[in-house]
Structure formats: structure tokens, C-alpha cells
Amino acid sequence: MKAAVVSTFKERLEIKDIAIPDVGAKDVLVKIHACGICHTDLHACHGDWPVKPKLPLVPGHEGVGEIVKLGSEIHHLKVGDRVGIPWLFSACGQCDYCLEGQETLCLEQQNAGYSVDGSYAEYCLANGDYVVKIPDNLSFVDAAPLFCAGVTTYKALKVSEVKPGQWMAIVGAGGLGHLAIQYALAMGMKVIAVDTGAEKMALAKKLGATHFIDFKHDKPSEKIQQLVGGAHGVVCTAVSKVAFAESYRSVRRGGSIVLVGLPPEEMPIPIFDTVLNAVKVIGSIVGTRKDLKECLQFAADGKVKAIIEVKPLEQINEIFADMLKGEITGRIVVDMGNEA
Ligand code: NAD
Ligand code: ZN
Ligand code: ZN
């Protein structure tokens with residue numbers, strides 16, 4: 001099968017012909033139709049983080065497609081089911097975290113396109129218990145970005161505990177951020193988007209953001225304090241240390257800042273201000289299968305729609321180059337050449 005493979009960190013991915021994986025008792029084999037390109041895939045291919053991925057690696061954790069083969073112990077799915085393979089490839093199902101509905105914190109978890117091969121390929125092996133079905137009225141390309149960008153931002157907004165009618169600042173209006181704007185609005189929040197450039201401003205405004213702040217022209221924290229007296233919550237998806245410092249200063253007293261973007265740097269937090277202002281600093285990592293089901297339903301109900309550009313897998317290196325420069329508006333989805 002055709003797959004995009006990285007063999008050395010920071011080197012170009014190569015399109016290779018590799019073996020279709022064997023299906024174990026608890027596995028399903030998914031014929032991939034589409035896969036969204038997440039900035040995490042770029043971090044993986046660059047070896048940016050303290051925990052490194054396997055090498056060689058087939059990246060991709062927004063893969064969607066149809067089941068073509070089932071392991072002998074998988075009885076709740078059938079050949080032809082339309083499913084996606086999220087970042088949470090599998091978890092143990094037995095630890096405290098798994099039992100408490102916090103499976104994304106399981107210490108035994110495997111991650112698609114990181115610790116195991118992902119969906120930049122014509123076929124991807126998945127754990128039958130951890131794939132999530134796609135609602136019938138959602139196309140593969142529309143569903144793909146929801147399997148990471150969608151569920152991650154949906155969950156981040158939930159943990160922010162910001163209420164309907166309150167101000168939510170979305171810092172970084174890229175692949176994740178443009179969906180965060182939509183989920184926040186669908187949840188009844190009022191949105192301020194922060195990013196740069198005319199295209200991202202136009203998109204944020206079109207999606208319904210009340211304000212757009214260009215971080216290259218204005219200091220977002222000052223502007224947000226001035227416009228609304230500080231946001232009730234901030235979800236920071238930007239891959240930039242400065243953006244996190246700015247996000248911290250953008251919340252009002254008692255507000256929450258949810259850290260989602262993953263620049264490999266530290267964020268200095270002033271103890272005095274955090275205590276006196278009772279600010280909540282919250283980390284948020286993807287979402288559970290239940291979060292994913294909910295977030296897909298928002299799209300199936302027409303409340304959220306990823307802005308997508310479809311490209312062939314062969315262009316992956318150019319897509320990564322554009323992503324590194326911050327030049328992608330919305331999400332790029334690669335099409336595996338099957339009918340979407
Ligand atoms: P992206 O490249 O599509 O978007 C990032 C956006 O941030 C771009 O639009 C860029 O212009 C903007 N940006 C850069 N500097 C900024 C600044 N100073 N202020 C405001 N905006 C700024 O990337 P993505 O796919 O949306 O991923 C974003 C980050 O989220 C990555 O680090 C990725 O690894 C991480 N991520 C985290 C989770 C999680 O579960 N926590 C899940 C998925 C992705
Ligand atoms: Zn992702
Ligand atoms: Zn577990």
C-alpha cells in the first residue's frame with residue numbers, strides 16, 4: 001500500500017510502498033479515504049517533544065475510512081462501517097483514568113501516527129474498541145478534521161467552564177482554532193479570535209467571531225482587556241511561547257486559560273497574580289471517545305463545519321512547509337484517491 005513515511009527527524013517524508021498490516025483479534029483494518037493534517041504530525045516528524053515517536057513512522061491521526069477487515073474478537077462493528085482513527089489509538093481500559101472517563105490520561109495508551117503507524121496511508125490498522133463511527137450525513141473529508149482538531153477544541157472549551165454569553169478568546173485561529181471558534185459559538189459563547197493576516201481575519205469574522213486581533217499589529221492581551229475587560233476564558237492553540245504569555249494576560253479575574261498548543265517550551269506563570277486573580281491554568285489533551293461522539297454530532301447537526309482544502313498525499317512536504325510558516329487557512333485534508 002502507498003504511505004507517507006518519515007525515517008529521520010526533520011527529513012522529508014517519502015511516499016513508499018509498504019505492507020498492509022496484519023489484523024489481530026482486537027483490530028480492524030480501515031481503508032483510509034481521507035486524513036486531516038494536524039500540526040502535531042509536524043511536531044512528530046521533527047521530533048520536537050521530549051517523548052519521541054517510533055521511527056520509521058507513518059504519521060496521521062485524523063484518518064477516516066471504511067472497515068474492510070475485522071479481528072475475530074470484534075463483534076460491535078462490521079465490514080463497511082465508516083469510522084475514524086483518533087490520536088487515542090488505544091488505552092488499557094482498566095486503570096483509574098480509564099475507569100473514571102479520563103482515558104486520554106491512561107499511561108498505557110498508544111497514539112496513532114506517533115507510537116503506532118497512522119493514517120497517511122491507503123490502509124490503517126486500528127483497535128476496534130477505539131475507532132469512532134462517523135454519522136451518516138457527514139462526508140469523509142468533512143469528518144476527518146473533527147477526529148483531532150474538532151474533538152480537542154470541543155473538549156478544551158468544555159473544561160474552560162466558560163458559560164453561554166461569556167467571552168472566549170481563541171488564540172491561534174488555524175486548523176484547531178477555526179473549529180474552536182465554531183464550537184464556542186455553538187455553545188453560546190461570544191468569541192474573540194487572535195491570529196494574523198487578512199485571510200485568517202476574514203475567516204474568523206465569517207465564522208462569527210465578534211472581534212479579530214492581529215497579533216502582529218496589536219498586543220492581544222491589552223486589546224482584550226480594553227475591549228471586554230478580559231476574557232472569561234482563553235483557549236490557546238498557537239505554537240508560540242509568546243502566545244501563551246499573552247493568553248495568560250488576556251483573562252479576567254476568575255477566568256481560565258486552557259493550554260492546547262504544544263510549542264516545546266516553558267510558560268512562566270506569575271504566582272502572585274495567579275493567586276490574587278484566582279486564575280485557572282488548565283492543560284487539555286484531545287478528548288475521549290464520548291467527547292468525539294458529541295463533537296461529531298455538532299457537525300452532523302450542521303452547527304460546525306471544517307473549512308477544508310483537499311490535496312493529494314504526495315504534496316505532504318509542501319503542506320508541512322506551509323504549516324510551519326502559518327500559511328494554512330482552515331485544515332488541509334489529504335485524499336487517498338478513494339471516493340470521499
Ligand atoms: P496550525 O498551524 O493549523 O495553527 C496554528 C495557528 O497559530 C496558525 O494559524 C498561526 O498563524 C497561529 N499563531 C502563530 N503564532 C501566534 C501568536 N503569537 N498568536 C496567535 N496565533 C498565532 O496548527 P494546529 O493543527 O491548529 O495545531 C496547533 C497546536 O496544537 C500544535 O502545537 C499541535 O501540536 C497542538 N495540538 C494539541 C492538541 C491537544 O490535545 N492539546 C491536539 C491537537 C493539536
Ligand atoms: Zn492532532
Ligand atoms: Zn488505562
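Donors are N, O and S atoms within 2.8 Å of the metal (3.2 Å for Na, K and Ca); water is not among the atoms, so sites may look incomplete. This is a predicted model, where local features need pLDDT of at least 70, side-chain atom pairs count only at pLDDT 80 or more, and totals for chains, interfaces and linings use all residues. Residues are numbered from 1 along each chain as its sequence is written, chains are lettered from A and ligands numbered from 1 in the order in which they are written, and side-chain values use heavy atoms, with hydrogens and water left out.

**Exercise 1.** Find the donors of the zinc ion (ligand 2) and place them in the chain.

*Solution.*
- Step 1: Cys38 (SG), His61 (NE2) and Cys148 (SG) coordinate this ion at 2.0 to 2.2 Å.
- Step 2: Along the sequence, the donor residues are spaced C-x22-H-x86-C.
- Step 3: Cys38 sits in the loop between strand E3 (27-36) and helix H1 (39-46), and His61 in the loop between H1 and strand E4 (63-70). The pair is 23 residues apart and links distant parts of the chain. Helices (H or I, at least four residues) and strands (E, at least two) are DSSP runs, numbered from the N terminus.
- Step 4: Cys38 is buried at 3% relative accessibility, and His61 is buried at 1%. Buried means under 20% relative accessible area, exposed over 50%, partly exposed in between (1.4 Å probe, protein chains only).

**Exercise 2.** Work out the arrangement of donors around the zinc ion (ligand 3).

*Solution.*
- Step 1: The donors are Cys92 (SG), Cys95 (SG), Cys98 (SG) and Cys106 (SG), at 2.3 to 2.4 Å.
- Step 2: The four donor atoms subtend angles of 105 to 117°, so the arrangement is tetrahedral. For four donors, that term requires all angles to lie between 85 and 135 degrees.
- Step 3: Their spacing along the chain is C-x2-C-x2-C-x7-C.
- Step 4: Cys92 lies in the loop between strand E6 (88-90) and helix H2 (96-99), and Cys106 in the loop between H2 and strand E7 (110-111), so the pair ties together parts 14 residues apart in sequence.
- Step 5: Cys92 is partly exposed at 30%, whereas Cys106 is buried at 3%.

**Exercise 3.** Which residues of helix H7 (residues 220-228) are buried?

*Solution.*
- Step 1: Pro220, Ser221, Ile224 and Val228 are buried.
- Step 2: These residues cover an arc of only 95° around the axis, so they are on the same side of H7. The arc is that of the directions from the helix axis to the C-beta atoms.
- Step 3: Glu222 and Gln226 are exposed on the other side of H7.

Note on methods. Tetrahedral: all angles 85-135°; square planar, octahedral: opposite > 155°, others 65-115°.
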